[in-house]
Amino acid sequence: MKCLVTGSNVKVLGKAVHSLSRIGDELYLEPLEDGLSLRTVNSSRSAYACFLFAPLFFQQYQATTPGQDLLRCKILMKSFLSVFRSLVMLEKTVEKCCISLNGQSSRLVVQLHCKFGVRKTHNLSFQDCESLQAVFDPALCPHVLRAPARVLGEAVLPFPPALAEVTLGIGRGCRVILRSYHEEDADSTVRAMVTEVCLGEEDFQQLQAQEGAAITFCLKEFRGLLSFAESANLNLCIHFDAPGRPAIFTVKDSLLDGHFVLATLSETDSYSQDLGSLERHRPVPQLQAHSTPHPDDFANDDIDSYMIAMETTIGNEGSRALPSISLSPGPQPPQSPGSPSEEEDEAEPSTVPGTPPPKKFRSLFFGSILAPVGSPQGPSPVLAEDSEGEG
Amino acid sequence: MKFRGKIVDGACLNHFTRISNMIAKLAKTCTLRISPDKLNFILCDKLANGGVSMWCELEQENFFSEFQMEGFSAENNEIYLELTSENLSRALKTAQNARALKIKLTNKHFPCLTVSVELFSMSSSTRIATHDIPIKVIPRKLWKDLQEPMVPDPDVSIYLPVLKTMKSVVEKMKNISSHLVVEANRDGELNLKIETELVCVTTHFKDLGNPPLASESTSQDRNPEHMAEVHIDIRKLLQFLAGQQVNPTKALCMHRICHSGKKTLLLRVETNETYKRL
């Protein structure tokens, strides 16, 4: 494999790597006919990210040398990121970036051609791996939101940088509400501040969602894609379904495609504390009758309607009895090229090996493209993973 | 108990935000006292030695375009709330370029101070960010501990030099020692001194000016050049100096040595609208 990136695209590539580094510790690099794909997954399997750079993104793109199989490799994210660490430097001094993967040598070579004849060569060791595939299909999600990344970027500004999770929901009058989510700890005496941002329908280019639909996902991971989309001035699309089903965040332009798939908190996982599911199903007036000296007699602000809006009335999603991989329909994952037949049926159990996912996100949606007999399988709960069997 | 206020002026909002930032730098939790014409931020650090207490007063009409409150009762028309100061400053941070800010006492699952910020947005719809800051209502019986501290007549009272300069001096001194001696006299001289086994560093400020004495009774026979000194914890002083984001019209420092030998240092910063005492 050999590809050459020039000009401002070097920075775009760098930014994409930065985004991916927010998710996982290992980067799966795979040159495909459609373009170069960079993928990663987090350790608890609750987040998956993928960038696909079309051949036109590159000045030169050669997926395979003739006579060679398509190579796939897995590199330490830290190593790859170190090449692109300083975006400022990339923008100012790097003229060309050449990435080549040679089957014989066990090194991924990234060469930066900089100004003044300086050439920086990085030889990164890699491991062979299976293709990292996630089974998901945005087209099957009933709810879609699309807005310029800038709008969403401004919307998340009020949230503290350390905030882990956020709830996105549709309120009355088609308003989109983002609300900070905190797991309520029964014994913690210090409550966290709750922040909520409300966006109007006009801010969105596409808003196709039912009132009351809401999902809770990891904000930190989302910020990774958001910052990329903002810098590239792209529109960000959010496809989501019921709580518990993964939410798909996409950016797209003529030269690249980015997908971030994040697990969402399922209804049964939320604590049934005062903020939890109990409250959710009650009709509005209950909120006000909640405690006696209710000081909110003053002018009607829409504060209360935001509270209403956050009531989700999605019917019971799963129970804990379900296997932890949600079976997403759609036999073909969007990025699957010719390699499926080379996949091995991993005997990996469908649960995450080792530690359970933190924060009760479901470990999700990874399907393996099963080897046998050519015909693409239906949904399968088996993880697709490299033969090393790492978690 | 009810409270509702609205700030629409950008400069007022800015000022209020800076005050809240200053409070956040000084203490993790603070008490907010709401009365019909004032807002006070109170901090009472009852440590055995070197505790810091702070009292900050704002005239509500200098900030709020709308202000309504109903206190605990008709005779005690005040509200005392305890909150995490960082929450307030973070909430106000989002209001940097806001159209309006509303703040009110609400009870959404738990008592909170709801700060609602109306932001400018490109599209026609308004974008609103709401922060619910959890609060604790302070019971009436504890109010007496939170009253305005009596400022006893000081032995020496002196205007401080430019706080920025003072801050940079004290910051450097912090690396050498943890205690600082502040000396001042009625001749407009102020010294900041640190002493360790190896080294002794003093920074002298001259011609600072002394405010007129409050009462004639304070020892007239005191030699104007005689220095009054107090030992204080450098970090506390630095906290105060670091928090000063509002340019004061005057800053004062008062030494007080009372009969029991206990010394206090009172730093008072006044701006056009507010005054703070530490």
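In this predicted model, the side chains of A:K74 and A:E26 come together in a salt bridge, with 3.7 Å from N to O. A:K74 belongs to strand 6 (residues 73–76) of chain A and A:E26 to strand 2 (residues 26–31) of chain A, so the pair ties together parts that are 48 residues apart in sequence. Is A:K74 buried or exposed? Its relative accessibility is 2%, so A:K74 counts as buried, the cut-off being under 20%.

That pair has company: over all chains, the count comes to 18 salt bridges. Here are three of them side by side.

| Salt bridge | Closest N and O atoms |
|---|---|
| A:K74 with A:E26 | 3.7 Å |
| A:R39 with A:E30 | 3.6 Å |
| B:R4 with B:E66 | 2.9 Å |

Take the second row. A:R39 has a relative accessible area of 1%, so this residue is buried. Its partner A:E30 is buried too, with a relative accessible area of 4%.

Now hop over to chain B. B:R4 and B:E66 form a salt bridge, their closest N and O atoms being 2.9 Å apart. Which parts of the chain does this pair link? B:R4 lies in strand 1 (residues 2–7) of chain B and B:E66 in strand 5 (residues 66–70) of chain B, so distant parts, 62 residues apart, get linked. B:R4 is buried, at a relative accessible area of 8%, whereas B:E66 is partly exposed, at 30% relative accessibility.

Salt bridges can also share partners: A:R150, A:E154, A:D203 and B:R127 are joined into one network that way.

Next up, a pair of helices. Two packed helices are described by the angle between their axes and the distance between the axes. In chain B, helix 1 (residues 10–26) packs with helix 2 (residues 85–93) at an angle of about 150°, and their axes are 8 Å apart. Why are these helices called roughly antiparallel? The cut-off for that label is over 145 degrees, so an angle of about 150° makes helix 1 of chain B roughly antiparallel to helix 2 of chain B. The crossing of helix 1 of chain B and helix 2 of chain B is left-handed.

If you want to find the contact in the structure, look on helix 1 of chain B for B:F16, B:T17, B:S20, B:N21, B:I23 and B:A24, and on helix 2 of chain B for B:S85, B:E86, B:L88, B:S89, B:L92 and B:K93. Sorted by class, the contact of these two helices has five nonpolar, five polar and two charged residues.

Time for some backbone oddities. Most residues other than glycine have a negative phi, and most peptide bonds are trans. A:F116 is not a glycine, yet its phi is positive, at about 65°. You'll find A:F116 in the loop between strand 8 (107–114) and strand 9 (119–125) of chain A. With 80% relative accessibility, A:F116 counts as exposed.

Chain B has a case as well: phi of B:D207, a residue other than glycine, is positive and near 55°. B:D207 sits in the loop between strand 13 (200–205) and strand 14 (228–233) of chain B. This residue is exposed, with a relative accessible area of 74%.

Last stop: A:L163, in the loop between helix 4 (149–156) and strand 12 (165–170) of chain A. At 5% relative accessibility, A:L163 counts as buried. What does A:L163 contact, leaving aside its neighbours within four places in sequence? The list is A:S180, A:Y181, A:H182, A:L219 and A:K220. As for A:P243, 80 residues apart from A:L163 along the chain, the C-alpha atoms of the two are separated by 19 Å.

Methods:
Residues are numbered from 1 along each chain as its sequence is written. Chains are lettered from A and ligands numbered from 1 in the order in which they are written. This is a predicted model: local features need pLDDT of at least 70, side-chain atom pairs count only at pLDDT 80 or more; totals for chains, interfaces and linings use all residues. Side-chain values use heavy atoms; hydrogens and water are left out. Axes are lines fitted to C-alpha atoms, for helices over the stretch in contact, and angles run from 0 to 180 degrees between N-to-C directions. Helices (H or I, at least four residues) and strands (E, at least two) are DSSP runs, numbered from the N terminus. Angles under 35 degrees count as roughly parallel, over 145 as roughly antiparallel, 65 to 115 as roughly perpendicular and the rest as oblique. A crossing is left-handed if the near helix is turned anticlockwise from the far one by less than a right angle, and right-handed if clockwise. Contact means heavy atoms within 4.5 Å. Ala, Val, Leu, Ile, Met, Phe, Trp, Tyr, Cys and Pro count as nonpolar, Asp, Glu, Lys and Arg as charged, and the others, Gly among them, as polar. A salt bridge is a side-chain nitrogen of Lys or Arg within 4 Å of a carboxyl oxygen of Asp or Glu. Buried means under 20% relative accessible area, exposed over 50%, partly exposed in between (1.4 Å probe, protein chains only).
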